[in-house]
Structures are given as C-alpha cells and as structure tokens.
Amino acid sequence: MPIHVITADITRLGVDAIVNAAQPSLLGGGGVDGAIHRAAGPRLLAACRALPQPSPGVRCPTGEARITPGFDLPAQHVIHTVGPVWHGGSHGEPDLLASCYRHALQLLRAHRLRTIAFPAISCGVYGYPAEPAARIAVASVRAELADDPAIEVQLCAFSESMGAILRQALSED
Ligand code: AR6
C-alpha cells in the first residue's frame with residue numbers, strides 16, 4: 001500500500017481519481033475546489049448539480065464523499081469530499097476528517113480504481129491545523145488500506161511547508 005507525499009497542483013495529476021475538498025453543496029468555491037472546477041470545465045459543475053440532495057442544498061454531508069467524472073482533467077474521476085470546519089477540535093473534527101479519507105478510499109475501491117491523490121482536506125479555508133490533519137490523513141489511509149497493496153495514494157501538498165508536515169507524519173509510526 002504505497003503512500004507518497006508530493007508537492008504539486010493536484011489538477012495536473014493523471015491519476016484514476018483526485019479528491020476535491022469541497023463544500024456540502026458541491027457547487028464549487030475557492031481553494032482547491034475552485035482550481036478543480038476551472039480545470040475540469042463546466043461539465044463538472046453540471047455533474048455535481050445532478051447529484052441528489054439528501055437535504056436542501058446538501059449533496060455531500062460533511063465526512064462523506066461523492067464521485068463524478070474528471071471531464072477536462074487529466075484525472076479520470078473526481079471524488080468530492082467535505083471536510084470539517086475547524087471549531088477548536090472538540091466538535092468531532094478529527095473523526096469527520098478521518099471519515100473523509102475513509103469514504104474517498106471506499107468509493108475508489110467500489111469503482112475498481114487504483115490510484116488516488118488527496119489534497120490537505122480542511123487545511124485551507126476550513127482552518128484545520130496542518131500537523132494534526134496530516135497525522136489523521138496518514139493514519140486513516142493506512143487503516144483503510146492495510147489489506148490492499150494494489151492501491152497507490154498520493155498525499156498532495158500545495159506548498160513546501162505542507163509537504164514537509166505530511167512527510168513528517170508519514171515517517172512517524
Ligand atoms: N492543488 C493541491 N492543493 C491545493 C490546490 C491545488 N491546486 N489549491 C489549494 N490547495 P482549501 P478546505 C490546498 O481551502 O480547507 C473551498 O472554497 C490548500 O493549500 O481548498 O477543505 C470549498 O468550496 C490547502 O492546503 O479546502 C469549501 O468551501 C488544501 O488544498 C472550502 O474551501 C485545502 O484548502 C473547503 O476548505
């Protein structure tokens with residue numbers, strides 16, 4: 001179960017699926033979400049709009065994931081997940097963040113895909129501190145994939161500092 005840390009623009013990666021750190025509406029936003037929608041083209045927004053809404057305006061509850069094609073992206077698919085907004089850490093944030101990684105990998109498997117790249121979910125606009133978020137990313141990917149050597153995971157930082165934090169988390173046991 002290889003896990004790699006890379007520093008890159010996730011929209012450039014030709015993997016089976018890139019993960020989007022979205023908001024519950026799945027209708028786009030700033031940060032990596034905005035970058036993915038721009039690079040994927042307008043068909044991505046149309047595909048997101050077409051997803052069912054379990055409650056008004058919510059296509060993906062926090063901690064869950066949904067899959068669409070990648071359209072104009074080099075990646076075949078986008079797995080949209082909604083990370084928790086950081087409210088100090090005692091409002092279920094760690095469990096919800098772990099749930100994002102778990103659900104994304106479960107969708108990857110369900111669609112018989114093999115390679116996936118994750119951005120640092122919740123670490124931008126949603127304010128999750130980078131070090132604990134990186135430890136959760138590594139631990140939840142390891143836990144979910146312990147029995148699956150076929151899946152290849154890239155943890156994709158957008159800055160050298162986030163890359164260093166992810167590499168540190170990966171080196172801890
Ligand atoms: N490639 C890889 N990582 C990126 C890229 C990129 N092109 N662009 C940004 N990042 P954020 P969140 C990093 O704010 O905190 C949106 O408006 C970024 O440096 O994108 O989960 C949504 O619509 C940071 O480390 O996502 C939601 O409203 C990480 O991606 C909200 O923001 C996540 O930052 C979600 O907030």
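Guide: A polar contact is a pair of N or O atoms within 3.5 Å. This is a predicted model, where local features need pLDDT of at least 70, side-chain atom pairs count only at pLDDT 80 or more, and totals for chains, interfaces and linings use all residues. Residues are numbered from 1 along each chain as its sequence is written, and side-chain values use heavy atoms, without hydrogens or water.

Visitor: How many residues surround the ligand?

Guide: A residue is near the ligand if one of its heavy atoms lies within 4 Å of it. The closest are Gly30, Val32, Asp33, Gly124 and Val125. The count of surrounding residues is 20.

Visitor: Which residue has a polar backbone atom 2.7 Å from an oxygen atom of the ligand?

Guide: For Gly124, a polar backbone atom is 2.8 Å from an oxygen atom of the ligand. A backbone N or O atom of Val32 also lies 2.8 Å from a ligand oxygen. The residue at 2.7 Å is Gly30.

Visitor: How much of the ligand's exposed area does the protein bury?

Guide: Accessible areas come from the Shrake-Rupley method with a 1.4 Å probe. Taken alone, the ligand exposes 700 Å². Of that area, the protein buries 89%.

Visitor: Which helix gives the most to the shell around the ligand?

Guide: Helices here are DSSP runs (H or I, at least four residues), numbered from the N terminus. The helix in question spans residues 31–40 and gives four residues to the shell. That helix is H1.

Visitor: How many charged residues does the shell around the ligand have?

Guide: Asp, Glu, Lys and Arg count as charged, and Gly is among the polar residues. The shell has eleven nonpolar and seven polar residues. Its charged residues number two.

Terms used
Polar contact = N/O pair within 3.5 Å; in protein donor to acceptor, adjacent residues only side chain to side chain. Helix = DSSP H or I, 4+ residues; strand = E, 2+ residues; numbered from the N terminus.
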